[in-house]
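This report describes how two protein chains are arranged against each other and then turns to some details of the backbone.

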2 protein chains.
Amino acid sequence: MASAEFRPLDEKSLIEYIKATPSLSSKIGNKFDDLTIKEVGDGNLNFVYIVIGSSGSFVIKQAIPYVRSVGESLPMTKERAYFETLALTEHGQLCPDHVPEVYHFDPKMYLIGMRYLEPPHIILRKGLIAGVEYPLLAEHMSEYMARTLFRTSLLYRTTSEHKRAVAEFCGNVELCRLTERVVFSDPYKVSELNRWTSPYLDHDAEAVREDNILKLEVAELKSKFCERAQALIHGDLHTGSVMVTPNSTQVIDPEFAFYGPMGYDIGAFLGNLILAFFAQDGHADEGNDRKAYKEWILRTIEETWTLFQKKFTALWHQHKDGPGEAYLPEIYNKPELQQLIQEKYVKDLFHDSLGFGAAKMIRRIVGVAHVEDFESIKDASKRAACERQALELAKTLLKERRKFQAISGVISAIRKLQS
Amino acid sequence: MASAEFRPLDEKSLIEYIKATPSLSSKIGNKFDDLTIKEVGDGNLNFVYIVIGSSGSFVIKQAIPYVRSVGESLPMTKERAYFETLALTEHGQLCPDHVPEVYHFDPKMYLIGMRYLEPPHIILRKGLIAGVEYPLLAEHMSEYMARTLFRTSLLYRTTSEHKRAVAEFCGNVELCRLTERVVFSDPYKVSELNRWTSPYLDHDAEAVREDNILKLEVAELKSKFCERAQALIHGDLHTGSVMVTPNSTQVIDPEFAFYGPMGYDIGAFLGNLILAFFAQDGHADEGNDRKAYKEWILRTIEETWTLFQKKFTALWHQHKDGPGEAYLPEIYNKPELQQLIQEKYVKDLFHDSLGFGAAKMIRRIVGVAHVEDFESIKDASKRAACERQALELAKTLLKERRKFQAISGVISAIRKLQS
C-alpha cells in the first residue's frame, strides 16, 4: 500500500491505507471498529485527517498537487511533503518538546502520519484572537527558534554537513518561489491577487507600491531570502503554524522549510504577534477592553526576543569548541573577542528579524493572504484603523530597522502609534 | 578508453588515451608521429600536459586525488575536475572571448581536454613581475567578470535555475573548505603551514593574529563566502589564473568554482594587482625604476573596477525586463528606482570586493601560499618592506572598507603608503 502511486485519499480509502501500514495501525492498537476520522485541513495546501481510536490517535497530512483553496488551476508540487517531513524530523530531533513526532512518511503518496495534538491544543492565532494568555509561549518559542536555528547553522555544523543539507533543500524551490512572490513581490506591485480593506486602505496600499525606499529595502531582504543559506528555517513561522495549550507549544507545518536567513523565522513569529496586538482594539468589547491582554502580547514579544538572544548565545557558548566551522576556537575563543562576535551576530540577526517581520506584516495587510486576527473584525472601518497602525509600524521597521538597538525600542514604537 | 577507471596518466599512456578519444585525436588531425607532449603543471593540484602536433594542439589537465606539492598525505577530491569543467563550460558560453574552449571531459579519469593557449600567452603574474603592460587587461577582465557574474546571478536567472545550479555546485565542498581554511582561518591563528618573511615580519604576523577587529571583519566575509550563493564565481581569480598576451586575456583554472559572493572574484583580481604593485619596488633596478609601470598597475586597478561597474550595470539595464527574478520589472523599472537599486547593489559589491581582496592579500603574506611577485624578490629585507606595505593596506581595506566611496579612494590609500 505504501508503495502505491499517488492518489488523494478520502476518509474511506484512508482506513484501507492505515490497515496496510503497520507504523500507523500500531498507533491505534490495530483496532479499526471504533475509529473516527475527521478532515480538518483549513489551510490552503493539504488534506488533514484526524484519526482517533480507543487506543491511540494520529494525524494524516496529504499534500495534493494544487493549491486547495484555488483548485487545480494553481498547481503546487507535492514534493513539499518530503521537505516538511525532513524538517519535522530534523527540528524534532533538535527540539522534541516543541515539534510533533513523525510516525510515518510515504514518499509516493506525499503523506505524513504524525502525532495528533489533542485538545485543548488550538492554533495560537485563534487563542490570540480570543484573548487567551499563554504564559510559557515566549519561553517555548525562543527555545524552539534558538535550538533549530543554532544547530542547523555553521555555528554548529561543518561546511560539509552544511553544503549537503543546503543542496537537498534547494529542491524545495517551488515553495520558496511562492514566498518570494507573495511576501516580497506582490504587495509592492499591482496584482490581481492583492486585496486590502477597501476603500479605507486604498491610499495606504498605493503608498506601499509607490515607496521607493520601502522597495529598496524589501529587495535587500528578498536577496537574503534567496541567497543566504544561514540555517534550516521553518519558512512559515506565523501564529497559524503554532499549536498551544497553557502548558504546551508545538510548531507545525514546516513545508516551506529550506536553508535561508534565520531572521525570516524570528521575524515571522514576532511580526505576527505584532499583528495580533494591533488587532486587539477590533476585538475589544464592553466586557473586555483588551488593555491587559495587549500588555501581555507586548511582554511576549519582548520576552521572546530577549530569551531567544539569551538561549542562542548560551548555545554558542556551550558549543564554542564544537564542530561548527564559522568561528574556529583557535581564532575566536578569547572572551573579549567571543563577546564582540556574538554581539555583532545577534545585532545583525535582530535587524534581519525586524526587516523580515515587517515584510510579513505588510503582505498580510495589502497582499493576497490575510490573517484572521484582522479578518474577524467585522466592522471594516474599525478593521482598517487597526490594519493601518500595523502597516505604519511595519514600514518604519522595514525602513529604519538598523536604527533599533534593542527590542525595547520596538515596543516603544508600537506604543507610540497607539498614543 | 574514456570509460576506464581512474588512473593517473603519464606521457606514454596519455598518447594511448588520445588515440582512443576522437574528440581529442581529431584536434591533432589524428596524426601521432610528430606529437610533442610536455608536462607543465606548476600548480599544486594537477598534472597538465601540452600536446602539440603539426595539425593542432590542446592541453590535458588531469586532477589527481591529493595535493601534488604535498603528496598523498594531503588528499584532495578529484571531483574538482568535474566542477572545473562545468564552470569552464558555463563561463565559456557567457564569455567565449576570455575562457578557453573545452574539447573533452572524462568524468572517470577526471581529465579535461581544452584549448592550448599558445605563445606568447603567459601567466599574467609573470608578466606583472616582468613589468609588461597589457593595455587591454582592464577591458577584458571587467568584461569577463561582468558577464559571468551578472548572468549567473538572480539579476538574470530565475529562482528555479538558480537553486538547481546552487545545489549542484554544493558538491564542490572540499575546494570551498580549502579556501575557508587558507584564506579565512589560517592567517588569523598559529598554524604550522603559515609562513612569512621572518624575522622581519614576525611582529606583523603576530599583529594579524591579535587584531580583534580584523578577525571580526574576516568572520563576516567568511560567513558570506560560506552562505551567500550570489553567482557562479571562479573562486580563485588571482593573477596566476589569467593567461595573457597584449591582445588576449584568458581565464583558466576555475576548479574552486561554486555559487558564492561576486566580490570574492573581483576582490581576488584587484587584490592580486595590488600585490603586484607593492612588489614593484623589489623588482626595480638601475635600468628600470618601475615608476611608470606602477602607474600602469594603478590605472589598471582603477579601470578594471570602473569598467566592471559600467558593464555590469549596462547588462542589468539591457536585461531589466529579462528572466531575472531579483528585481521584477513591475516593481523596479521606474528610472529613479532603477538607479537607486543599482547604486546600492554596486556599492555593496564594491565593499565586498575590497574586503575579499584584502583577505586574499593578507593570506599571501602571512599564510601558507605566497605569490611569486614577492617570492622572486631575493633580498629578504627588501621583500619584507614591500610585503609590509601591502599588508598595511590590506588591513585598512578590510577594516574600513565601508568608508571607501569609490575606487579612486583605494588608489589614494595605496599612494599614501608609498609617500
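## Backbone details and the chain interface

In chain B, the loop that runs between strand 7 (111-114) and strand 8 (122-123) contains B:Pro120. The peptide bond that joins B:Pro119 and B:Pro120 is cis, with omega of about 10°. The coordinates discussed here belong to a predicted model, which scores ipTM 0.95 and pTM 0.96. For chain A the mean pLDDT is 95, and 97% of the residues of chain A reach 70 or more.

Two further backbone features can be set beside this cis bond. In chain A, the peptide bond from A:Ser198 to A:Pro199 is cis, with omega near 5°, and A:Pro199 sits in the loop between helix 7 (173-185) and helix 8 (202-210) of that chain. In chain B, B:Asn30 has a positive phi, near 55°, although this residue is not a glycine; B:Asn30 belongs to the loop between helix 2 (22-25) and strand 1 (36-39) of chain B. As background, most residues other than glycine have a negative phi, and most peptide bonds are trans.

How are the two chains related to each other? A turn of 180° with a shift of 0.0 Å along the axis lays chain B on chain A with an RMSD of 0.0 Å, which means that the relation is that of a two-fold axis. Both copies use the same surface, since 100% of the contact residues of chain B recur in chain A.

Between the chains, 45 residues of chain B are in contact with 45 residues of chain A, and the area buried between them is about 4100 Å², of which carbon and sulfur atoms give 56%. On the side of chain B, the residues that lose the most area to chain A are B:Lys163, B:Leu216 and B:Glu227, which together account for 17% of what that side buries.

The count between chain B and chain A is 20 residue pairs in polar contact, with both residues at pLDDT 80 or more. Helix 6 (159-169), helix 7 (173-185), helix 9 (212-227), helix 12 (329-332) and helix 13 (335-366) of chain B each supply at least two residues of the side that touches chain A. The largest share, 10 residues, comes from helix 9 of chain B. Sorted by character, the residues on this side of chain B divide into 22 nonpolar, eight polar and 15 charged.

Salt bridges number 63 over all chains of the structure, and the count between chain B and chain A is 10. Side chains of opposite charge can pair when their charged atoms come close. Two of the salt bridges are listed here with their N to O distances.

| Residue pair | N to O distance |
|---|---|
| B:Lys344 and A:Glu220 | 2.2 Å |
| A:Glu84 and A:Lys61 | 2.7 Å |

Within chain A, A:Glu84 lies in helix 3 (residues 80-94) and A:Lys61 in strand 3 (residues 57-63), so this pair ties together parts that are 23 residues apart in sequence.

Technical notes
Residues are numbered from 1 along each chain as its sequence is written. Chains are lettered from A and ligands numbered from 1 in the order in which they are written. Side-chain values use heavy atoms; hydrogens and water are left out. Copies are superposed by least squares on the C-alpha atoms of residues with pLDDT of at least 70 in both. Contact means heavy atoms within 4.5 Å. pLDDT is the predictor's confidence in each residue, from 0 to 100. Buried area is the accessible area (1.4 Å probe) that two parts lose on being put together, summed over both. A salt bridge is a side-chain nitrogen of Lys or Arg within 4 Å of a carboxyl oxygen of Asp or Glu. A polar contact is a pair of N or O atoms within 3.5 Å; within protein, one must be able to donate a hydrogen and the other to accept it, and residues adjacent in sequence count only if both atoms are side-chain atoms. Helices (H or I, at least four residues) and strands (E, at least two) are DSSP runs, numbered from the N terminus. Ala, Val, Leu, Ile, Met, Phe, Trp, Tyr, Cys and Pro count as nonpolar, Asp, Glu, Lys and Arg as charged, and the others, Gly among them, as polar.
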